[in-house]
Amino acid sequence: MTELDYSEKTLPETLTTILEPCEVLLSFDYHNRTVDVRPIATALLRWGYDRESLAGDLWKRATDSPQKIEILRKLLRPGDARMVLPSPESGFIPRRPRTWQDVRSKFLQSDDLKASVISWARDFFLDLFLTIMEPSHTPTPSDRSTATRSQATFRRKLFDRDGVVSIIGKVLDTNSYPPPPGMTYFEEGSLQGAHIIPFSASSHPELRKALSIFAGQSVETLLTGNQINDPSNGLLLDPFTHSIFGRFRSGIECRDKIYRLRKLYPDIRLTSQLNRHNDEEVLLFAWKSHLVPCPSSLLCNIHLAIGYVLRESSSFPMISEILGDEEEFNSGNTGGDYCLVTGASYLERKLRGLAASNYSDTADSDEEEKDWLKI
């Protein structure tokens, strides 16, 4: 017999409990595909960089109308007996005689509450997952010279910090042979300036907005203007390792100013450069100069958390397929109804970016926050 659950839960725990697998379908259609919401939502709530921020954002959707609030008020009571209404600060307990299983069932019987969860997961799938994984495109002729100069400056600063041998992979930059005396390396190759958070974030306000919620703090000033090319957002990598990092298959964890390499798919053979390192191996940056900023611990940990969310949600294959279709569409290699569906989905994503350009990074006042956090 299954033990009845009346335990107190935090907001992230409450939402993940409600989203546990059951017979109620939660999905949305995008790009000729049906996307399952549960893996995306639960991965965000369990593996996101700031789970409280992500849970609060979903809670805001679930409490944005009197009808939804009334349903939730009947299902939940505050964990703190001194409080009249339940809130994320107080924790949640099912209203007796209901159990958490009953709360999940009643929550998912409401079309409005289901729609809140679906729209929330869809926004992160489009604005975070697809946009941050989207390959960069060659700049237009008018922008090319500026982009080239910016990338060259970015790369030079990384050489000034770490020297001519990459910290990951121990690859000696071809143009720097012979190496400085005492410098250990395994092979020669070209080294690239790799952005920890992709350069595309500087031109995608919808991505920066999603990242700010994901991180629980504004990242606007870190990812716009010249800051996107700050060495704190950069690593020197060979092209193969750059590709692995760009696809969030590996990352760097930074705790207490100690950097550790994290392989998110240890069972998958990675590049020979990455395989020279053990998982959780300590990395030492700033071999050449401590005057140039080391990789930002915040940006490294956000990048790593995105990798965990993509892995745990099993979203990577579908994202690759969708972005591949969009590349075909942009190159004019698709036709018929499939071209129309692909074009419509692609246009929707681009229009979302334009709409997000009006996004204001002004924080809500304390009173406004209370309005949507409490039910």
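## Close-ups from a predicted model

**View 1. Phe 129 is buried, with a relative accessible area of just 1%.** Everything shown here and in the other views comes from a predicted model. Which ring pairs with Phe 129? Counting rings as paired when their centres lie within 6.5 Å, the model has 6 aromatic pairs. One of them joins Phe 125 and Phe 129, with 6.2 Å from centre to centre and 65 degrees between the planes. That pair is edge-to-face, because the label applies to planes over 60 degrees apart. Both residues belong to helix 6 (residues 111–133), and being 4 residues apart there puts about one helical turn between them. An α-helix has 3.6 residues a turn, so residues three or four places apart point the same way. Phe 125 is buried too, at 1% relative accessibility. Add Phe 28, and Phe 28, Phe 125 and Phe 129 form one aromatic cluster.

**View 2. Helix 3 crosses helix 6.** How do you put numbers on a view like this? Two packed helices are described by the angle between their axes and the distance between the axes. Here the axes of helix 3 (residues 51–62) and helix 6 come within 8 Å, crossing at roughly 135 degrees. That angle makes helix 3 oblique to helix 6, because the label roughly antiparallel is kept for angles over 145 degrees. From helix 3, the contact uses Leu 54, Asp 57, Leu 58, Arg 61 and Ala 62. Helix 6 brings Leu 113, Ser 116, Val 117, Ser 119, Trp 120, Asp 123 and Phe 124. As for handedness, helix 3 passes helix 6 in a right-handed crossing.

**View 3. Arg 249 lies over the face of Tyr 265 and also over the face of Phe 316.** Check the distances: Arg 249 is 4.7 Å from the ring centre of Tyr 265. For the Phe 316 ring, the distance from Arg 249 to the centre is 3.9 Å.

**View 4. Helix 1 (residues 11–18) is largely enclosed by the rest of the structure.** Why call it enclosed? Because 7 of its 8 residues are buried. Those are Leu 11, Pro 12, Thr 14, Leu 15, Thr 16, Thr 17 and Ile 18. What do they sit against? The buried residues of helix 1 pack against helix 2 (37–47), helix 3, strand 4 and helix 5. Look also at Lys 9, in the segment before helix 1. Buried or exposed, for this lysine? Lys 9 is buried, with a relative accessible area of 14%, because the cut-off for buried is under 20%. Setting aside neighbours within four places in sequence, Lys 9 is in contact with Thr 14, Thr 17, Gly 91, Phe 92 and Trp 100.

**View 5. Helix 8 (residues 205–215) is another largely enclosed helix, with 10 of its 11 residues buried.** The buried residues are Pro 205, Glu 206, Leu 207, Arg 208, Ala 210, Leu 211, Ser 212, Ile 213, Phe 214 and Ala 215. Follow the chain out and you reach Gly 216, just after helix 8, with a positive phi of about 75 degrees.

**View 6. The peptide bond from Arg 96 to Pro 97 is cis.** Omega for this bond is near 10 degrees. To find Pro 97, go to the loop between strand 4 (92–94) and helix 5 (100–109).

**View 7. Lys 170 takes a positive phi without being a glycine.** Its phi is about 55 degrees. Lys 170 is in the loop between helix 7 (141–162) and strand 5 (171–173). At 25% relative accessibility, Lys 170 counts as partly exposed.

**View 8. Lys 257 is a residue other than glycine with a positive phi, near 65 degrees.** Look for Lys 257 in the loop between strand 9 (250–255) and strand 10 (258–263). How exposed is Lys 257? Its relative accessibility is 78%, so Lys 257 counts as exposed.

**View 9. Glu 188 sits in strand 6 (residues 187–189).** This residue is partly exposed, at 40% relative accessibility. Glu 188 and Thr 174 are 14 residues apart in sequence, yet their C-alpha atoms are 5.4 Å apart in space. Beyond its neighbours within four places in sequence, Glu 188 is in contact with Val 171, Leu 172, Thr 174 and Tyr 177.

Key: Residues are numbered from 1 along each chain as its sequence is written. This is a predicted model: local features need pLDDT of at least 70, side-chain atom pairs count only at pLDDT 80 or more; totals for chains, interfaces and linings use all residues. Side-chain values use heavy atoms; hydrogens and water are left out. Rings of Phe, Tyr and Trp (its six-membered ring) pair if their centres lie within 6.5 Å; planes under 30 degrees apart count as stacked, over 60 as edge-to-face and the rest as tilted. Helices (H or I, at least four residues) and strands (E, at least two) are DSSP runs, numbered from the N terminus. Buried means under 20% relative accessible area, exposed over 50%, partly exposed in between (1.4 Å probe, protein chains only). A charge sits over a ring if NZ of Lys or CZ of Arg is within 6 Å of the ring centre and within 35 degrees of the ring normal. Axes are lines fitted to C-alpha atoms, for helices over the stretch in contact, and angles run from 0 to 180 degrees between N-to-C directions. Angles under 35 degrees count as roughly parallel, over 145 as roughly antiparallel, 65 to 115 as roughly perpendicular and the rest as oblique. A crossing is left-handed if the near helix is turned anticlockwise from the far one by less than a right angle, and right-handed if clockwise. Contact means heavy atoms within 4.5 Å.
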